Amino acid sequence: MTDGKGWREAYLGGSKAAEDALIDRFTRQIVEVQAGLAGGPQAQKRRAFHAHMRTGSKARFQVMPGIPDALQVGLFQPGAEYDALVRFSNASGATAPDPDRDLRGVAVRITTGDSHTLLSTGAEGNIQDFLMTNAPASHARDPVQFMDFALVRLHRWTWLPRLLLKIGPAETIRMLNSLRVASSREVLSLAAEQYWGRAPVQFGEAAVKFKLQPSDVPGNGQPGTAPDYLREDLKKRMKSGDMAFDFKVQLYADESRTPIEDGVVEWKESDSPFITVAKLVIQQQDLDSEDARVTESMIERLAFNPWNASGEFRPLGSLNRARLRVYKASVEASGR
């Protein structure tokens with residue numbers, strides 16, 4: 001069993017100054033992406049990604065009583081419980097209907113009660129955000145590829161030749177195949193999906209990736225054609241009982257099998273098994289009730305960010321380092 005230590009980060013372009021210049025460019029480009037998705041610079045802008053929330057609800061985050069000593073870091077203390085907010089969403093920046101091919105995501109905000117300095121703002125806070133999608137690895141190796149793809153997709157008829165010119169034939173084929181595999185699988189229920197935090201996070205002295213896995217799913221759901229079938233499925237499940245997910249972490253092994261900077265490499269369970277450290281419980285509720293609607297409206301206005309964290313859980317890798325500033329630019333552009 002690996003101890004998760006020995007990891008290191010490397011700057012894009014070989015230096016912090018070079019990477020900062022690239023990220024400066026990304027913060028300007030994300031506004032262009034949002035304007036394109038909204039239909040023009042004067043249109044109402046939404047999030048550049050995960051714009052279509054399917055549900056937002058209150059939950060409890062329960063740390064396992066038998067968590068290993070090495071993973072008792074920060075909020076992860078044996079038996080601790082915290083209030084949480086959960087947002088399920090489709091991954092696109094457009095509000096497409098549920099049957100459309102897409103990745104699906106979940107964002108979790110934990111209220112710890114203990115004040116710490118948020119890495120996102122440098123201000124004092126007591127929250128911790130975890131963001132995940134239902135694919136174990138990214139389609140982009142780094143933020144350069146990520147933004148190249150987001151920008152060319154704004155050109156409806158010429159995006160493919162533009163992508164070929166940007167990243168070359170081999171990487172274009174790899175990227176498109178990755179997206180096809182990830183988004184083409186039919187999602188029957190958001191309650192039955194696994195969700196991965198695809199970029200690594202510092203966890204005390206270790207580096208980890210994390211995921212949510214359903215604890216117990218009473219049926220996988222049915223194929224849907226209605227525009228809101230995923231939301232309707234969640235409404236039925238939450239009305240009939242609690243919905244629970246296991247929160248698991250996977251420890252860094254080595255740069256070859258579990259790289260920090262290459263977003264397309266899946267950390268295989270055979271190289272580093274997942275360890276259950278907590279449980280996320282979404283309590284039974286009626287999503288049509290007034291209280292639930294108020295909660296959903298409040299969650300829709302939140303800006304989830306992996307950098308809403310303390311230094312014990314610092315996001316790692318260039319994809320995460322870019323998100324620190326790009327998310328802020330995206331939020332400011334959308335007026336949230």
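This briefing covers the salt bridges, one helix, two helix packings and the surroundings of one lysine. The model is predicted. The salt bridges in it number 24, and five charged residues, Glu-9, Glu-19, Glu-261, Arg-314 and Arg-321, are joined into one network by bridges that share partners.

**Salt bridges across the chain**

- Glu-9 and Arg-314 form a salt bridge in which the closest N and O atoms are 2.8 Å apart.
- This pair links distant parts of the chain, with the two positions 305 residues apart in numbering. Glu-9 lies in the segment before helix 1 (16–38), and Arg-314 lies in the loop between helix 6 (290–300) and helix 7 (318–334).
- Glu-9 is partly exposed, at a relative accessible area of 25%, and Arg-314 is also partly exposed, at 23%.
- Arg-231 is bridged to Glu-296, again with the closest N and O atoms 2.8 Å apart.
- That pair also connects distant parts of the chain: Arg-231 belongs to helix 5 and Glu-296 to helix 6, 65 residues apart.
- Arg-231 and Glu-296 are both buried.

**A salt bridge within helix 4**

- Glu-171 and Arg-174 meet through their side chains in a salt bridge, at 3.2 Å from N to O.
- Both residues sit in helix 4 (residues 169–184), three residues apart, or about one turn of the helix.
- An α-helix has 3.6 residues a turn, so residues three or four places apart point the same way.
- Glu-171 has a relative accessibility of 18%, so it counts as buried because the cut-off is under 20%.

**Helix 5**

- Helix 5 spans residues 229–240, which is 12 residues. From first C-alpha to last it reaches 17 Å, close to the expected 16 Å.
- Its buried residues are Tyr-229, Leu-230, Arg-231, Asp-233, Leu-234, Lys-235, Arg-237 and Met-238.
- Arg-231, one of these buried residues, is the helix 5 partner in the bridge to Glu-296 described above.

**Packing of helices 2, 3 and 4**

- Two packed helices are described by the angle between their axes and the distance between the axes.
- Helix 3 (residues 159–167) packs on helix 4 at an angle of about 125°, and the axes are 7 Å apart. Helix 3 is therefore oblique to helix 4.
- The crossing of helix 3 and helix 4 is right-handed.
- On the helix 3 side, the contact is made by Trp-159, Leu-160, Leu-163, Leu-164 and Ile-167. On the helix 4 side, the residues are Pro-169, Glu-171, Thr-172, Met-175 and Leu-176.
- Helix 2 (residues 143–152) and helix 3 have axes that come within 9 Å and cross at roughly 160°. Helix 2 is therefore roughly antiparallel to helix 3.
- The crossing of helix 2 and helix 3 is right-handed.
- Here Gln-145, Asp-148, Phe-149 and Val-152 of helix 2 meet Trp-159, Arg-162, Leu-163, Lys-166 and Ile-167 of helix 3.
- Trp-159, Leu-163 and Ile-167 of helix 3 are among the residues in contact with helix 4 and among those that meet helix 2.

**Lys-279 and its surroundings**

- Lys-279 is found in strand 8 (residues 274–282) and is partly exposed, with a relative accessible area of 23%.
- Between Lys-279 and Val-63 the C-alpha to C-alpha distance is 6.4 Å, although the two are 216 residues apart in sequence.
- Leaving aside residues up to four places away in sequence, Lys-279 touches Arg-60, Phe-61, Gln-62, Met-64, Ser-215, Ala-244, Phe-245, Asp-246 and Phe-247.

Methods. Residues are numbered from 1 along each chain as its sequence is written. This is a predicted model: local features need pLDDT of at least 70, side-chain atom pairs count only at pLDDT 80 or more; totals for chains, interfaces and linings use all residues. Side-chain values use heavy atoms; hydrogens and water are left out. Helices (H or I, at least four residues) and strands (E, at least two) are DSSP runs, numbered from the N terminus. The expected span of a helix is 1.5 Å times one less than its number of residues. Buried means under 20% relative accessible area, exposed over 50%, partly exposed in between (1.4 Å probe, protein chains only). A salt bridge is a side-chain nitrogen of Lys or Arg within 4 Å of a carboxyl oxygen of Asp or Glu. Axes are lines fitted to C-alpha atoms, for helices over the stretch in contact, and angles run from 0 to 180 degrees between N-to-C directions. Angles under 35 degrees count as roughly parallel, over 145 as roughly antiparallel, 65 to 115 as roughly perpendicular and the rest as oblique. A crossing is left-handed if the near helix is turned anticlockwise from the far one by less than a right angle, and right-handed if clockwise. Contact means heavy atoms within 4.5 Å.
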